[in-house]
Amino acid sequence: LHLRSMNKTRSGVRSKQEFTGDRFSVEAAVAKVGNQLLEPGDKSSPLGFAALTIMFDSGGRNRIEWIFTSENTFEVWSVVDGQGERLDNRKLGTKLKNPVLAVVRRGDEFLFVLNGPDSPPQDAQVGLTKIIKNMPRSFRVMLYGFGSSENDWDNARVVKPK
């Protein structure tokens, strides 16, 4: 999947299928994240963003975001009732070129996981664990970029226990 977003916008794709469960894993392989292309006079950050997002409603007022930037750093955001909160310590990064990002939910516990594109699951690293209460059980998956950056995704999948 190749995404190119416009300046000052979010652009992406959302799963048509809605999933339900309070235990799941959603993973997506990032192939590339490019820097933003700034307009003349624009003073914003040139960082490009690729976000694996779990949306708990159709409008995005309740969501979890695991974001990989063009500088190989990460951001973790929780948005509840439209109010966003950055959950990471601004010190998450990787040397992996094309990481696989995963969000794992176990009830109110969310794990933000990173693995190499060819690495076995047991090599995955948990970058952050957070308790986020009262998120709905139904969700959709969205992959998107922010600003005038390009990002490429190799694949995405949802795994739920039976």
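**A glycine in a loop, a pocket and two cores**

G60 sits in the loop that links β5 (49–55) to β6 (63–69). In this predicted model, the glycine is buried even though it belongs to a loop: its relative accessible area is 5%, and because the cut-off for buried is under 20%, G60 counts as buried. Leaving aside residues up to four places away in sequence, G60 touches M55 and V79. Another glycine, G82, lies 22 residues from G60 along the chain, and the C-alpha atoms of the two are 7.6 Å apart.

Stepping back to the whole protein, the fold is built with 13 strands and zero helices. Read from the N terminus, the order of elements is simply β-β-β-β-β-β-β-β-β-β-β-β-β. Among contacts with a separation of 6 or more, 61% join residues that are 24 or more positions apart. As for what is covered and what is not, 44% of the 162 residues count as buried. The accessible surface adds up to about 9,000 Å², and carbon and sulfur atoms hold 48% of that.

Much of the inside story concerns the largest nonpolar core. This core has 29 residues, and the members touching the most other members are L52, I64, W66 and L101. At least two residues each come from β4, β5, β6, β7 (74–80), β9, β10 and β12 (138–146). The top contributor is β4, which gives five residues to this core. I64 makes a good example of how the parts meet. Not counting residues up to four places away in sequence, I64 touches L52, T53, I54, F56, W77, S78, V103, F110, F112, I132 and M135. Apart from the largest core there is another one, made of seven residues, including F49, M55, I67 and Y144. M55 has already come up here, as one of the residues touched by G60.

The protein also has pockets to look at, and the largest of them holds about 390 Å³ of space. Its lining consists of 22 residues, with E27, A102, N115, P121 and A124 closest to the centre. Which strands supply at least two residues each to this lining? They are β4 (23–33), β9 (100–106), β10 (109–115) and β13 (150–159). Sorted by class, the lining is made up of twelve nonpolar, six polar and four charged residues. β4 therefore turns up in two places: β4 supplies at least two residues of the pocket lining, and β4 also gives the most to the largest nonpolar core.

How values were computed:
Residues are numbered from 1 along each chain as its sequence is written. This is a predicted model: local features need pLDDT of at least 70, side-chain atom pairs count only at pLDDT 80 or more; totals for chains, interfaces and linings use all residues. Side-chain values use heavy atoms; hydrogens and water are left out. Helices (H or I, at least four residues) and strands (E, at least two) are DSSP runs, numbered from the N terminus. Buried means under 20% relative accessible area, exposed over 50%, partly exposed in between (1.4 Å probe, protein chains only). Contact means heavy atoms within 4.5 Å. Accessible areas come from the Shrake-Rupley method with a 1.4 Å probe; for residues, only the protein chains shown count as cover. On a 1 Å grid over the protein atoms alone, a cavity is a set of points where a 1.4 Å probe fits but cannot get out, and a pocket is an open set with protein on both sides within 12 Å along at least five of seven lines; lining residues have an atom within 4 Å of a point. Grid points are joined across faces, edges and corners, and a volume is the space filled by probe spheres set on the points. Ala, Val, Leu, Ile, Met, Phe, Trp, Tyr, Cys and Pro count as nonpolar, Asp, Glu, Lys and Arg as charged, and the others, Gly among them, as polar. A nonpolar core is a set of buried Ala, Val, Leu, Ile, Met, Phe, Trp, Tyr and Cys residues joined through side-chain atoms within 4.5 Å.
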